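Good morning, colleagues. I should like to take a few minutes to discuss charged residues and their surroundings in one protein chain.

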Amino acid sequence: MSTAPDNNDHAPANGPALSADEAKAAAKARAIERARELAAQRRAQKEAAQANTTAPSADDAKAAAKARAIERARELAAQRRAQQEAAQAEPTNTTAESQATSAPSTDEDQTAAQARAIERARAAAAARKAQPAPESTANARSDVTSGAQDGTVEGVLVPAKPKQPSLFEIFLKGIWKDNPGLCQLLGMCPLLAVTTSAANALGLGIATILVLMLSSSAIALIRRLIVPEVRIPIYVIIIAALVTVVRFEVEANFPQLYQQLGIYLSLIATNCIIMGRAEAFAGHNNVLRSLVDAIASGIGFTLVLFALGSLREIIGNGTWLVGASDLLGSWAAGLEVQLYSSDYTLLIAILPPGGFFVLAFLIAAKNALDGRAKRKAERRARINVLKI
């Protein structure tokens, strides 16, 4: 007489049966642990194979280090993409895992089935995901390559090249934002010595503009032919030659102005403004941009010269544009005016200390205008934030 089999005979000896969720979690943990072990084994095999090879040369070592860095960066990128895809395909993974764990098999078979199900789910999620743009892929590849060259693991993002300012921005910068006389405080020697009258200041300003335009254009034209180690002497030779030509021209056509300017006309060759624009801008840009920068810097410096000379002449002599006919011709004689009697003038204005005082007031006025504009911009920004 046969008896019914007891179901308790097949119960596990280790304890009560696990629930479905616990079995899923345990299977998933075993799959992840198995994958990590396989990855560690592969890395160990690669390292052992590299260690068994002969000692490479310096170039081979650099190439191997670069290859390892690229491989490591790709692995990390693949891991990040896999994590993102797994997070997006979580419902699909749950279904696949439940199907894989429901099949009656051993632990190894169950782990393999679960791994295959997860891989299929990830492949399906990757297929649904939109392909990245070619430009972004090329940028990412260049980032990984740059990181490998620097010896980093994840790569270093290459900063984008700064956008070059437009011609209008260059002109505005030379006229106001980076004015050579008020902001950079360059060319102080002629700025304070020649500005005893508006006509002298205007004459020196025009000569400076001519030298700036010619020197910047010439240097920008031959900048690729200049050896960097000797660029400063070459700049000095070019500027000195142009200043000599301008000085001869002024001496021949405007002898009275030449006598008033004196040595300061020749000192244009050592003016920091001309050398500074040649070094900072003309040596790194094309002819058009260098010419615009030279015109803007020259006009900005001339405006400061003219304003300083006009204020000093009016306060110190009570006149304005006296001697303009020597510079501009006989038609400019009508511009020469006597504003008030010399009995009420301040002699200190046309002396060297007066030049420092007037220049200080001009710089203070520019800073006040810039500060006012900045406060207005901040006030508008605060209002926009409150509206949001």
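**Charge pairs in the chain**

K366 and D370 sit together in helix α15, 4 residues apart, or about one turn of the helix. Please bear in mind that this is a predicted model. The two residues form a salt bridge, and their closest N and O atoms are 2.6 Å apart. Are these partners buried or exposed? K366 counts as buried because its relative accessibility is 4%, under the 20% limit. D370, at 29% relative accessibility, counts as partly exposed.

Allow me to place this pair in context. The protein chain contains 15 helices and 2 strands. Of its 388 residues, 30% are buried. The chain exposes about 24900 Å², and carbon and sulfur atoms supply 61% of that area. Among contacts with a separation of 6 or more, 74% are between residues 24 or more positions apart. The count of salt bridges comes to 7.

As a general principle, side chains of opposite charge can pair when their charged atoms come close.

A second example lies in helix α1, which spans residues 20–52 and holds both E37 and R34, 3 residues apart, about one turn of the helix. Here the closest N and O atoms of the salt bridge between E37 and R34 are 3.7 Å apart. E37 is partly exposed, with a relative accessible area of 36%, and R34 is also partly exposed, at 43%.

The third example is R277, which forms a salt bridge with D293, the closest N and O atoms being 2.9 Å apart. This pair links distant parts of the chain: R277 belongs to helix α12 and D293 to helix α13 (residues 287–317), with their positions 16 residues apart in sequence. Helix α12 itself covers residues 272–280. R277 has a relative accessible area of 16% and is therefore buried; D293 is buried as well, at 5%. Which residues does R277 touch, leaving aside those up to four places away in sequence? They are Q184, L212, A282, D293 and S297.

Finally, I return to helix α15, which runs over residues 352–387 and includes R380. R380 is exposed, with a relative accessible area of 51%. Together with R372, R375, K376, R379 and R382, R380 forms a positive surface patch.

To conclude, I would set two arginines side by side: R277 is buried and R380 is exposed. The former is paired with D293 in a salt bridge, whereas the latter belongs to the positive surface patch. Thank you for your attention.

Terms used: Residues numbered from 1 in each chain as written. Predicted model: local features only at pLDDT ≥ 70, side-chain atom pairs only at ≥ 80, totals over all residues. Heavy atoms only, no water. Patch = residues over 30% accessible without salt bridge, like charges linked within 9 Å, V, L, I, M, F, W, Y side chains within 5 Å. Areas by Shrake-Rupley, 256 points an atom, 1.4 Å probe, with all protein chains shown as cover. Salt bridge = Lys/Arg side-chain N within 4 Å of Asp/Glu carboxyl O. Lys, Arg positive; Asp, Glu negative; His and termini not counted. Charge placed at Lys NZ, Arg CZ, Asp CG, Glu CD. Buried < 20%, exposed > 50% of the residue type's maximum accessible area, 1.4 Å probe, protein only. Contact = heavy atoms within 4.5 Å.
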